[in-house]
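Open the model in your viewer and keep the sequence panel visible. The stops below say what to select and what is there.

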Amino acid sequence: MTLLTIDALSAVSLRDDNRPVLSDVSLTLEPGEVRGLVGESGAGKSTIAKALLAMLPATVKVTGGHIRFEGRDLLALPGRALREIMGNEITLIPQDPQTALNPGRRIEAQLTDGLRLKRGLSGSEARKVALAMLEEVYIRDPERVMRAYPHELSGGMRQRVLIAAAFAMRPKLVVADEPTTALDVTVQKQILRLIRQMQKAHGTAVLFVTHDLGVVAQICDSVTLLYAGRVIEQGRTTDVLTNPRHAYTRALIAAGPRYDRPDAGLEPVPDAVFAQLRAEIGEVSR
Ligand SMILES: Nc1ncnc2c1ncn2[C@@H]1O[C@H](COP(=O)(O)OP(=O)(O)OP(=O)(O)O)[C@@H](O)[C@H]1O
């Protein structure tokens with residue numbers, strides 16, 4: 001059974017004169033699949049991730065479509081049922097490990113809360129699972145890290161802790177929201193490998209939000225490419241990257257892995273491609 005089906009999801013920004021933020025977005029995720037959700041800033045990646053996590057801001061309104069998670073319509077579920085799924089069956093690896101952890105609480109408390117409250121483990125069971133998870137993410141001295149406060153750990157260590165926390169719940173789906181952007185390049189690679197390894201070991205599906213086609217090539221089975229709130233192209237990663245159908249996809253591939261960083265000296269996406277995109281989606285200006 002398909003794990004996640006986003007079906008014709010549309011949303012508008014109330015902050016911005018009801019401007020469309022998502023238009024008819026459809027995608028699926030099978031159990032254990034890693035799908036990259038790619039697009040430049042403002043393409044709608046975070047909005048999809050937030051809709052999925054029931055974290056949409058009040059200023060974004062869903063105007064149509066469905067999000068089905070194992071057949072349950074997340075947009076129609078009452079708050080209580082949603083709270084049982086979020087942080088439990090669906091968990092998040094956040095973008096910035098700096099701000100995602102509570103600075104005033106030890107790692108142990110932050111790791112065991114969810115295990116006790118959501119998975120119903122006793123204090124000592126939760127502690128055992130937390131320690132095992134820290135070992136699984138290659139934290140060398142898990143006892144010491146359990147006692148530490150977030151500021152005593154490096155950015156890479158904090159992100160490992162958050163990955164341990166996300167997988168400790170034995171979720172069916174992990175949403176990874178640009179989990180490596182705040183880290184330096186060597187640590188980024190390790191973290192990517194770790195997420196892939198954890199997802200394989202636990203058979204978890206991952207929706208991986210990123211700007212980076214290089215990341216997609218490295219760890220995603222499939223990819224959905226967005227532009228201005230619309231799906232431009234999607235499919236198996238190898239198919240999309242070796243045989244892109246849309247000029248925008250081709251231009252992004254030519255632009256290099258970090259197409260969002262023109263300062264990196266890579267080929268920019270040609271204006272003609274944006275003109276074509278605008279014509280296709282009927283936008284007046286970008
Ligand atoms: N809190 C908000 N209230 C209203 N509209 C919003 C809000 N946040 C974002 N938007 C609108 O939604 C659109 C899509 O933004 P979104 O954050 O989903 O893009 P993104 O692809 O995740 O970009 P980024 O990579 O910069 O995070 C933006 O054009 C923005 O105007």
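In which sense do S1 and strand S4 pair, and over how many bridges? Select residues 60-69 for S4: S1 and S4 pair in the antiparallel sense over 8 bridges. Strands here are DSSP runs of type E with at least two residues, helices are runs of H or I with at least four residues, and both are numbered from the N terminus. Two strands pair if DSSP finds at least two bridges between them.

Before going on, note that this is a predicted model, in which local features need pLDDT of at least 70 and side-chain atom pairs count only at pLDDT 80 or more, while totals for chains, interfaces and linings use all residues. Residues are numbered from 1 along each chain as its sequence is written.

**The sheet**

Stay on S1 and select Thr5, whose bridge partner in S4 is Arg68. Then select Ser10, which has Gly64 as its bridge partner in S4.

Next, add residues 4-13 and 19-29, which are strands S1 and S2; these run antiparallel and are joined by 7 bridges. Ile6 stands opposite Leu27 in S2. In the hairpin of S1 and S2, 5 residues lie between the strands, and Asp17 takes a positive phi near 60 degrees.

Now show the whole sheet: it is open, has 4 strands in the order S2-S1-S4-S5, and pairs antiparallel. S2 and strand S5 (72-73) are the edge strands, each pairing on one side only.

**The ligand**

Select the ligand and its surroundings. A shell of 15 residues surrounds the ligand, and the closest are Ser13, Ser41, Ser46, Thr47 and Thr59; a residue is near a molecule if its C-beta atom, placed from the backbone, lies within 6 Å of it. Helix H1 (residues 45-52) gives the most to this shell, with 3 residues. Colour the shell by type to find 4 nonpolar, 8 polar and 3 charged residues. Ala, Val, Leu, Ile, Met, Phe, Trp, Tyr, Cys and Pro count as nonpolar, Asp, Glu, Lys and Arg as charged, and the others, Gly among them, as polar.

**Ile191**

Go to helix H8 (residues 185-202) and select Ile191. Ile191 counts as buried because it has 23 C-beta neighbours inside 10 Å; the cut-offs are 20 or more other C-beta atoms within 10 Å for buried, 12 or fewer for exposed, and partly exposed in between, with C-beta atoms placed from the backbone. Measure from Ile191 to Gln159, 32 residues apart along the chain: their C-alpha atoms are separated by 7.7 Å.
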